[in-house]
Amino acid sequence: AWLPPEAFRALGARRVLVHGQGMLVDTVLDEVSRACARYGGRVWHSPSWDVDVDVVLALRGAGELPNPAVEAARAAGEAALVEIGDGETLGDEGFLLARAGEVTVVLADAPAGLLYGLFHVVRLCAAAYDPARPPERHRPALRRRMLNHWDNVAVHPVMGQVERGYAGGSIFWRDGRPRGDLARIREYGRLLAASGVNAISVNNVNVGRTEALLLTDRLGDIAEIADVLRPYGIRVHLSVTFAAPVVLGGLSTADPMDEAVRAWWAATTRNVYERIPDFGGYVVKADSEGQPGPFTYGRDHADGANVLAEALAPHGGVVHWRAFVYNHHQDWRDRSTDRARAAYDHFTPLDGRFRANVVVQVKFGPVDFQTREPVSPVLAAMPATRLAVELQVTQEYTGQQRHVCHLGPWWGEVLRFEPWGPGGRTIADVATGVAESGGGLVAVANTGDDLFWTGHPLAQANLYTFGRLAWDPRLDPTAILDEWISLTFPPSATADPELVGRTLHEILDDSWRTYERYTAPLGVGFMVHPGDHYGPGIDGYEYTRWGTYHFADRDGVGVDRSRASGTGFAAQYPPYWAQVYESPESCPDELLLFFHHVPYEHVLHSGSTVIQHIYDTHFTGVEEVAVMRRRWQTLNGMIDPAVYERVAERLDEQVRSATEWRDQVNAYFFRKSGVPDERGRTIY
Ligand code: GCU
């Protein structure tokens, strides 16, 4: 992935001094030692004699060294920090990078900062040693940067080992037991730390019987994972079932207002912290898609979340309580029930009632990780609650890691979105919060026991991008992709790095928009094969109770979510967007069918009609995938043959699948509307 040995060449060929103590300093030392052993450099740990070095990685509070050159470098670093201004503390995870004459200096206040500083130096490669490089101070914008694994411990009869997993089995579990490959977990922690991730939940939000036991009888399994990930600064969290007091504790109720229930959570949680002192906290999916929750006892989500929060608070833990709650028993005749409205309707009345260590975790869109959705209005409607934005790195609806679909640009759009209107605060600001009070960024992981970690080797870029955006949501996704490419595909005897980089950008940059072109049009969403969600199923959900309807008939298509005549969802936004989305005239083209039911001949802002837009984008999308495949073929011989083959094979599938999407969507809408393609192309 993004830490091949070559990524450490520039560092490993130098003389490096590490100064400080602590578990994560040892990790830094270990990384540097391995790099130097490979590339001929040298490493010293807080030496008490004079050494001449190229790089100093030091904790600020680590005491003086009897070494004038090193002390001069450290002093220069301190001076640079003062010069940068903006406070002189680096925080728990921040670091300073500066040049002091011939020496590159990394300073941190805490061991985790030194580790992130090290990976920054690795990422910069030769640029870290550029004498003209001005000093930089880095601190993560978000305190918690978390991955949720939807891994089952026991194989689920329908969902398998990993729910919505497209990269083989689980890294952690196999057939009901820990997988036992601790070296692999360690490698994983290393990759995640190098991208910026610092928290991970290790089991599915849908908690089955076996998984429930992780909280009690099988806590040892979690402790073992925590031990392996700790040296990389990653805290472990656990998905728990709200019914735990009943299913594990033998109580007759899980009512959050019941004293025995509260005592059970408190005692159970105390036990967790005795075993895992830096345990992160709980992740909960309650009263959603069949999971138990407080509704059973006539309580609400705040009551439910607070009882867990109360148990975690003395130990510094948090509850990530998911806002993905909706009624999945819908009737198509009932036009007022709208899945998009649900999270807002359930949660916004509770604003201000959650304890300080509850984070309400909100999917970025109001429906379900679609290729295109508006940003969830919940994110603008709970000012007195800590909110986390949940993304989906695993490509459930975006090609399942068989299709190239680079999601960085999409997430960038979401994070830059200004829900209160132009010039206002952004979604990134909401996740950050005031004075770091926000809930952070969370994503569903796309990794597994696959040789390339993510099934599709190019899907690694999504994971890397998530970590970097979680560190700083204002980063430019294109620049992040540059980093990923240069780390993952270092120069080699057979590769022209400039050509490889350009080609990968050409393939990846616009791939999310390409995917959008050949799948569900104009924001209407779904149209996927039910159940597995792969490939076209235009009417797949149109006749089920899950209610993700597009309402296509002979006259038109789309969901009326306006306040005036539809479900009223548009009115959940602050005034600026409520107004923009309310009318088909002002609604952006890409979301038109999400908000409105319009005739096929409705003219878009682009000048095209809806029906012609559907035809054109579907033909174009497939052509773009064919170009992607040709571009990839030009890299044959330049990159690792195993990677080349894996991607080539998946691109063949992408061409096949995109063609199927095109033909099904075009034929469907041609048959419904009776309007021919104005360019006379083949529609089956
Ligand atoms: C989607 C997905 C489910 C998952 C759910 C969730 O609906 O298909 O597999 O459980 O999201 O986010 O909880």
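1. In this predicted model, leucine 97 of strand β4 has valine 106 as its bridge partner in strand β5. The two strands, β4 and β5 (residues 103-108), are paired in the antiparallel sense over five bridges. They form a hairpin with two residues between the strands, and in that hairpin glycine 101 adopts a positive phi near 60 degrees.

2. Strand β4 (residues 95-100) also pairs with a further strand, β6 (residues 136-138), to which three bridges join it in an antiparallel arrangement. Within that pairing, phenylalanine 95 finds its bridge partner in histidine 138 of β6. Strand β4 is mostly covered, since six of its six residues are buried. Phe95, Leu97 and Arg99 point one way from the strand, while Leu96, Ala98 and Ala100 point the other way, and all are buried. A reader checking the side chains should note that this list of buried residues includes an arginine, Arg99.

3. Which side chain does glutamate 31 meet in a polar contact of 2.6 Å? The partner is arginine 190, and the contact joins side chain to side chain. Glutamate 31 belongs to helix α2 (residues 23-39), and because its relative accessible area is 1%, it is classed as buried. When residues up to four places away in sequence are not counted, glutamate 31 touches Phe8, Leu118, Phe119, Arg190 and Tyr232. Of these, leucine 118 is 87 residues apart from glutamate 31 in sequence, yet the C-alpha atoms of the two are 8.7 Å apart in space.

4. The domain assignment of the protein chain gives domain 1 (5-138), domain 2 (145-478) and domain 3, the last of which is made of two segments, 515-559 + 597-673. Taken over C-alpha atoms, the centres of domain 1 and domain 3 are separated by 49 Å.

5. A closed barrel of eight strands runs in the order β7-β12-β13-β14-β15-β16-β17-β18, and its pairing is parallel. On average, neighbouring strands of this sheet are turned by 25 degrees against each other, with direction ignored. As one example of the pairing, strand β15 (residues 318-322) and strand β16 (residues 358-363) are joined in the parallel sense over four bridges, and valine 319 stands opposite valine 358 in β16.

6. Helices lie across strands of this barrel. Helix α7 (residues 219-229) lies across β12 (199-201) and β13 (235-239), and runs at about 150 degrees to β13. Helix α10 (residues 301-312), for its part, lies across β14 (281-284), β15 and β16, and runs at about 160 degrees to β15.

7. Is asparagine 148 buried or exposed? With a relative accessibility of 1%, asparagine 148 counts as buried, and its place is in strand β7 (residues 145-148). Its side chain makes a polar contact of 3.0 Å with the side chain of serine 201. Leaving aside neighbours within four places in sequence, the residues in contact with asparagine 148 are Ser201, Val283, Gln361, Val442, Ala443, Val444 and Ala445.

8. Two phenylalanines deserve a look at their backbone angles. Most residues other than glycine have a negative phi. Phenylalanine 526, however, has a positive phi near 50 degrees, and it lies in the loop between α17 (511-518) and β19 (556-557). Phenylalanine 551 has a positive phi near 60 degrees and is found in the loop between α17 and β19 as well. Phenylalanine 526 counts as buried because its relative accessibility is 7%, and phenylalanine 551 counts as buried because its relative accessibility is 14%.

9. How many disulfides does the model contain? The count comes to zero disulfides. For cysteine 36, the nearest cysteine sulfur is that of cysteine 125, and it is 14 Å away; a disulfide requires two cysteine sulfur atoms within 2.5 Å, so this pair does not qualify. Cysteine 36 is nonetheless buried, at 5% relative accessibility, and cysteine 587 counts as buried too, at 0%.

Definitions and conventions: Residues are numbered from 1 along each chain as its sequence is written. This is a predicted model: local features need pLDDT of at least 70, side-chain atom pairs count only at pLDDT 80 or more; totals for chains, interfaces and linings use all residues. Side-chain values use heavy atoms; hydrogens and water are left out. Buried means under 20% relative accessible area, exposed over 50%, partly exposed in between (1.4 Å probe, protein chains only). Two strands pair if DSSP finds at least two bridges between them. Axes are lines fitted to C-alpha atoms, for helices over the stretch in contact, and angles run from 0 to 180 degrees between N-to-C directions. Contact means heavy atoms within 4.5 Å. A polar contact is a pair of N or O atoms within 3.5 Å; within protein, one must be able to donate a hydrogen and the other to accept it, and residues adjacent in sequence count only if both atoms are side-chain atoms. Domain bounds come from an automatic or database domain assignment.
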